[in-house]
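Let's take a look at how two chains of this model meet. Here is the structure, followed by a quick tour of the interface.

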4 protein chains.
Amino acid sequence: MKLAMIGLGRMGANITRRLMRGGHEVVVFDRNARAVDALVEEGARAATSLAAAASQLPTPRIFWVMLPAGESTETTVDLLKAEAETGDIIIDGGNSFYKDDVRRAQELAELGIAYVDVGTSGGVWGLERGYCMMIGGDKAVVDLLDPLFDALAPGIGTVARTPNRMKQEGEDPRAEKGYIHAGPAGAGHFVKMVHNGIEYGLMQAYAEGFDILKGKSSDKLLEGERFDLNLTDIAEVWRRGSVISSWLLDLTAAALAKDQMLCEFSGRVADSGEGHWTIEAAMEECVPVHVLSAALFARYRSRVDHTFGDQVLSAMRFGFGGHVEMPQ
Amino acid sequence: MKLAMIGLGRMGANITRRLMRGGHEVVVFDRNARAVDALVEEGARAATSLAAAASQLPTPRIFWVMLPAGESTETTVDLLKAEAETGDIIIDGGNSFYKDDVRRAQELAELGIAYVDVGTSGGVWGLERGYCMMIGGDKAVVDLLDPLFDALAPGIGTVARTPNRMKQEGEDPRAEKGYIHAGPAGAGHFVKMVHNGIEYGLMQAYAEGFDILKGKSSDKLLEGERFDLNLTDIAEVWRRGSVISSWLLDLTAAALAKDQMLCEFSGRVADSGEGHWTIEAAMEECVPVHVLSAALFARYRSRVDHTFGDQVLSAMRFGFGGHVEMPQ
Amino acid sequence: MKLAMIGLGRMGANITRRLMRGGHEVVVFDRNARAVDALVEEGARAATSLAAAASQLPTPRIFWVMLPAGESTETTVDLLKAEAETGDIIIDGGNSFYKDDVRRAQELAELGIAYVDVGTSGGVWGLERGYCMMIGGDKAVVDLLDPLFDALAPGIGTVARTPNRMKQEGEDPRAEKGYIHAGPAGAGHFVKMVHNGIEYGLMQAYAEGFDILKGKSSDKLLEGERFDLNLTDIAEVWRRGSVISSWLLDLTAAALAKDQMLCEFSGRVADSGEGHWTIEAAMEECVPVHVLSAALFARYRSRVDHTFGDQVLSAMRFGFGGHVEMPQ
Amino acid sequence: MKLAMIGLGRMGANITRRLMRGGHEVVVFDRNARAVDALVEEGARAATSLAAAASQLPTPRIFWVMLPAGESTETTVDLLKAEAETGDIIIDGGNSFYKDDVRRAQELAELGIAYVDVGTSGGVWGLERGYCMMIGGDKAVVDLLDPLFDALAPGIGTVARTPNRMKQEGEDPRAEKGYIHAGPAGAGHFVKMVHNGIEYGLMQAYAEGFDILKGKSSDKLLEGERFDLNLTDIAEVWRRGSVISSWLLDLTAAALAKDQMLCEFSGRVADSGEGHWTIEAAMEECVPVHVLSAALFARYRSRVDHTFGDQVLSAMRFGFGGHVEMPQ
């Protein structure tokens, strides 16, 4: 198939590469001419504007927007409205808030333009491992785009098949290849959002566990109660045969094998919108999410030296007990 | 009544004072001679050793140990064993772990010595407000000591009577005066421990609330979404007519009235054993304590610049997404 | 002053009563004619429509809307737009989301109509205790309405003055009487929202504490490790001299004094919007709120027999360990 | 090598089988004669008592105790003391509390008997996948036992090698095969304990995520805000290329593929000691563990219909607001 890729950051560039490897033709556009040039050298066609991109595509034209969620994506989708015609398809492959997808899909539907949201997991590894994709949009349109998703997905690969997953009639074979049509517009990003929410929880579980392991050598503990544990070997040993083996553990093992002290990291941890939105979604549904929220809040806390709340605690303790704060 | 007070720190000294105001005679002992002298000037009798203290008391002799929980208390109770005789009474008014009380009471009972644990709340305000006391031990012994507790307790005072609390037969009038016989040895400190566990939770609830109020003026928010709130006035206004009025709020209001920025506090918040033991007790009972534990963990977190767990998170993020940490 | 009260539920009716006690004239309107009649008997004037209410008021006309947050309030404010004229004032005394206030104030400002949001705490006790009010709106308008707020507020009363609160120039005396001008439109409900968020946290802290106390008599514990504690007396004793005395504790003590088993309550706990919005506000500011969120989630959990998540846990345990679920 | 296996439950029996497959000779003992017979048929030698087992072994004799943690293990280790002689080795392969290991190792060392603790992960899958083992004890003894561990461990297998793990001098090759010598006695179970603590956190993260996905179809949401998501396909799609792929997800995918509603599970989730001990260890080190504790508490909550704390909340709400509980 032939499509335009709008936005050639790390994700957009690698998705373009993997599409081309799969035999697809990609017209590329980015404000950064160097990013365009790099991909042209690898076989993509350059476009110097959205209009130029549109003019190079057969109908129905397919625009894949791969930009940071929020203003960038919103603006670009708006601009594409002017370029697109009835029957054309706009794909948002970024990390948009799913309610924005629902709104955009409605607005575009009035113009006869299809909107597809693709929640994409895989990060810097996607080019080699393939991208796990959660897709929202009209069935007919998603089916039409199937060759693209098939090229991007990991495929069944060497991962063991799920035992109870039978080739029953009506069962969707795409899930085993690493992509699904999750539902109408917005459903793709909703599922991706929850994926990221879970990711935060998993990461924090490992983080707390390694914190306890490391703390066991603390000289604040009595001498007989300390162990000096090799965190690198522990991460490694859990990769085989344990209940907690995972890809995140693989990455942790690799990082610890490089430097058990993780000295290059100061521990100021960013969060993107998905963690926050996951908690909002849970609250809208009245679902208790103690772990997912705690994981998010731990990141907030990691980015400040102290909270005003901590000061309030100290002030109260001084007030009722005359307690003076601990020295640094 | 006449008793010996062992340990003249802030709590022991003030308890001695309030007992003397109530007409009781107190023999005082402390390793620090100055602390002894100060109270002698106020009417107490000095003892230069535990044995000397014992020799000045009528039988049954009453020893009130008011020392830091743990080794100090343990050692002193052990030494008192040698001085005490059948029928004598040892009171632990500190913050001992209740299982230590249970053990000590059994050991002393074999020697015919009574052991009473008194969980004491009131801090630096106790001298004036009176001490709230939660008492564990044999009924006969606790009854015998009643004049002491009555002198130390706040009394009914001006606090409104509880509506449904009828003067039914068998109802214990002591609770309304600010002290209770909670049960056998250990029960007093157990109830006091849970009191402190709740205290941590209450404090953290206020702390988080004020954090949100303060954060609402952050320049990270869009200009139209900020409020520049007067925290001092907010704490004050909640003291009357609101659902969240409390003594801890009174203290917060006073601290904020002095300095709305709480500049003298850096926010490194200590915790004593009770918060930790409360979580342990909850786990032994399989009671979910999301709030009490979170309050405790927030204090742990307040005392370190970052956790190793935070570094693990950053390392994973770099591993899967190439994400570089946020700048300071 | 003379004003119209729109909405005569428990809150609206009692606010009307307290305003009339303070010498103000109130025109009352409610869809429920009986509610109107009851207040007319107590001295209010009836209105059979918003228009009729408007026609009975001097200019600038003051409309106090006291309806459930959300659609009811939104609709009524919209209808009042048609009745109101330049200079008139619409007060929302309900529990609106503060961002709705900001929006409404802007819309009404374009018509020259003032909008004031009054976060009101006090519940069924407000008639007697007075209402704690957090007010948002233009300074001039809030000042104009001062006689109303003054009549509704608790006043300084018998609550001890805050030590560091000096009568400095420029200090607002209203906070000590139980009401504040928190800031522009929305600020009142924002502060009230955080008040409720804190309320959830405080309540959950007590709830967990009493859960531990009650669980200490569980026959799942070894015989020597149980205490059979009198929760009624414990709640009572903490009311005087302890660190955790509060109005919520007073209410708990009263409930336990009536029935220590709290048999009339099954434990399905509702939440209103404020708890949820508080967490959202915290997330917008990146403030960690482990306790406030946990308190909210505990309520969600209280209302379902089990979560699907719990089933997922059981399914995993069966998967890796062959563990069969615990019997009921 | 030749050793005795004490305890032929699911774990003990399968470990015996895997040892025999690896060429080792196993003398088996269990109170249940049938369990013994079954393994004898597969090539093991029966022992009718601990003494009989001891008599069949060469020196130094190796006893592998594979019993439930707590009393069973404690009693058996005590009985083995009588049978064992200087130089003999007792292995505890169960889930003992690591402080019990430290104590036992000291007691046995005085008799010249070696004690080795083996934290063993793998559950019902261990026979085929191999067991992940975390081992504590004296280096010389653990080295002596290496052939046993090597036979039980998964081996490097098809799992990708960790990139930064170089074959540097002194690096322990065992970690990549799935077992480690973690440190002195107790260190094995300590690491296994933290493994299980992390396991709880990971499981709860997935559980909450699937709860949100399922709740998105709730008819409590507005019609336009619902998605009817296929949880089975979502679990499957995340297995390839996503950030959250893991063995626990594989198991979840298998369970959902069998029955998307998980009807056979009521959601009453057990916990064993490790989750609890992990929190205790964290508290001893002052490490904040919001996620690991929340995961544990969610299990406690899953096993009761309501908490007394929930009733306390309802009682307070009735007290301040006259709020009547939500209907069932």
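## Where chains D and C meet

In this predicted model, chain D and chain C bury about 5200 Å² between them, with 64% of that on carbon and sulfur atoms. Buried area here is the accessible area (1.4 Å probe) that two parts lose on being put together, summed over both. Three residues, Arg268(D), Phe308(D) and Phe320(D), supply 15% of the area that chain D buries against chain C, more than any other three residues.

Counting contacts (heavy atoms within 4.5 Å), 59 residues of chain D touch 59 residues of chain C. For salt bridges (a side-chain nitrogen of Lys or Arg within 4 Å of a carboxyl oxygen of Asp or Glu), the rule finds zero between chain D and chain C. There are, however, 21 residue pairs in polar contact between the two chains, both residues at pLDDT 80 or more. A polar contact is a pair of N or O atoms within 3.5 Å; within protein, one must be able to donate a hydrogen and the other to accept it, and residues adjacent in sequence count only if both atoms are side-chain atoms.

Here is the chain D side that touches chain C, by class:

| Class | Residues on the chain D side |
|---|---|
| Nonpolar (Ala, Val, Leu, Ile, Met, Phe, Trp, Tyr, Cys, Pro) | 27 residues |
| Polar (the others, Gly among them) | 19 residues |
| Charged (Asp, Glu, Lys, Arg) | 13 residues |

Residues are numbered from 1 along each chain as its sequence is written, and chains are lettered from A in the order in which they are written. As this is a predicted model, local features need pLDDT of at least 70, side-chain atom pairs count only at pLDDT 80 or more, and totals for chains, interfaces and linings use all residues, while side-chain values use heavy atoms, leaving out hydrogens and water.
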